[in-house]
Amino acid sequence: MIPGRDAAASLMQRLGLRLPLIQAPMAGVSTPAMAAAVSNAGGLGSIAVGATDVAGARAMIAAVRAATPHAFNVNVFVHATPRVDPPREAAWLAALAQQFAAFGVQPPEALATIYRSFADDAAMQALLVELAPPMVSFHFGLPDAGVLAALRAAGCVLAATATNLAEARAIAAAGLDLIVAQGWEAGGHRGMFDPAAHDERLPMLDLVRALCRETALPVVAAGGIMTGHDIRAALGAGAVAAQLGTAFVACPESAARVGYRAALLQGRETAMTSAISGRPARCLVNRFTRLQNLPAIPDYPRAYAAGKALDAAALAQGEDGFGAQWAGAGAARARAMPAAALVEQLARELAQA
């Protein structure tokens with residue numbers, strides 16, 4: 001069933017959107033300045049707080065509110081609590097030892113859980129209820145019903161990522177307002193609730209059509225969307241809006257490193273890999289994505305501790321080929337311009353499409 005026009009329009013009105021465009025909440029890349037610029041230009045800006053603590057999240061939300069009177073989205077990671085598996089983790093570090101040695105350092109002695117899941121972080125839950133950002137979105141899963149009820153009572157629009165119909169049905173059953181349909185083309189981490197489950201790898205347009213047909217919630221399209229023409233195609237498939245991430249990586253408000261931006265604008269291909277973080281994620285092809293014959297990967301985000309350490313060792317020697325250069329399948333069409341100008345360009349393209 002296609003979401004009712006009235007329900008979708010009401011949701012867009014509640015968020016104050018003048019354009020059917022959401023800037024994706026890219027942890028480590030999106031910034032309060034980027035989110036505010038997008039919201040001021042008529043879209044919905046986003047920040048991601050899954051890779052920071054309560055103090056960092058409070059500061060980021062305050063910075064967005066200081067820069068825009070408009071709605072914005074705050075995204076959190078709701079991954080399963082990682083298993084500590086010493087034999088697997090030791091084998092993983094041993095497999096990466098040669099890479100570390102090439103930069104004159106030893107791998108970490110042990111891995112660590114560098115990011116807490118929102119499901120396990122009562123302080124972060126309380127903060128978002130207290131600050132009540134206009135929209136809160138969930139990636140990798142859903143928090144429990146009590147947390148959802150508290151955020152709903154605080155007035156937050158609630159959204160979550162789905163990569164397949166089963167996840168979308170779980171989102172609808174939990175009473176959320178919006179489903180973000182993440183197609184196989186999308187950059188960054190797959191939002192799969194269970195990364196060990198079979199991945200249907202549905203293209204964005206096919207996923208949007210399926211979710212619009214089989215669920216009653218409004219659907220936002222995500223994955224490989226880079227232009228206004230792409231947005232029009234997503235709307236034509238039934239989406240109420242499109243979420244763009246890679247399109248904003250090269251903007252000056254982005255926190256992406258110089259080497260990341262350069263690799264993006266060179267038009268490199270992308271590949272899906274779990275080796276960097278422990279979860280499937282689409283990345284620009286680099287030295288990390290080319291590693292082969294690796295053992296079983298530790299759980300996210302414990303594997304990410306090794307990935308970040310290797311990236312830091314390489315970067316200290318002037319090598320930028322081990323970074324988490326997340327990017328979608330449309331990366332070759334990235335444009336370097338201020339976020340507000342990009343939103344305006346996308347709006348013009350959408351009007352002409």
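1. The core element is an open sheet of eight strands, with parallel pairing. The strand order runs β1-β9-β8-β6-β5-β4-β3-β2. Two strands stand at the edges: β1 (21–23) and β2 (45–48). Each has a single partner strand, so one side of each is left without a neighbour in the sheet. From one strand to the next, the twist averages 25°. Note that this is a predicted model.

2. Within the sheet, look at β4 (residues 135–139). Strand β4 pairs with β5 in the parallel sense, over four bridges. Phe138 stands opposite Ala160 in β5.

3. Edge strand β2 holds Ser46. Is Ser46 buried or exposed? Ser46 counts as buried because its relative accessibility is 0%, where the cut-off is under 20%.

4. The polar contacts of Ser46 deserve a check in the viewer. The Ser46 side chain reaches the backbone oxygen of Gln23 at 2.7 Å. The side chain of Ser46 also makes a polar contact with the side chain of Asn73, at 3.2 Å.

5. The wider surroundings of Ser46 include both of these partners. Leaving aside residues up to four places away in sequence, Ser46 touches Ile22, Gln23, Ala24, Pro25, Ser30, Ala35 and Asn73.

6. Now helix α8 (residues 204–214). Its buried residues are Met204, Leu207, Val208, Ala210, Leu211 and Cys212. An α-helix has 3.6 residues a turn, so residues three or four places apart point the same way.

7. What covers the buried residues of α8? The cover includes three strands, β5 (157–162), β6 (178–182) and β8 (219–222). Helices α7 (165–173) and α9 (228–236) are also part of the cover.

Notes
Residues numbered from 1 in each chain as written. Predicted model: local features only at pLDDT ≥ 70, side-chain atom pairs only at ≥ 80, totals over all residues. Heavy atoms only, no water. Buried < 20%, exposed > 50% of the residue type's maximum accessible area, 1.4 Å probe, protein only. Contact = heavy atoms within 4.5 Å. Pairing = 2+ DSSP bridges. Axes fitted to C-alpha atoms, helices over the stretch in contact; angles between N-to-C directions. Polar contact = N/O pair within 3.5 Å; in protein donor to acceptor, adjacent residues only side chain to side chain.
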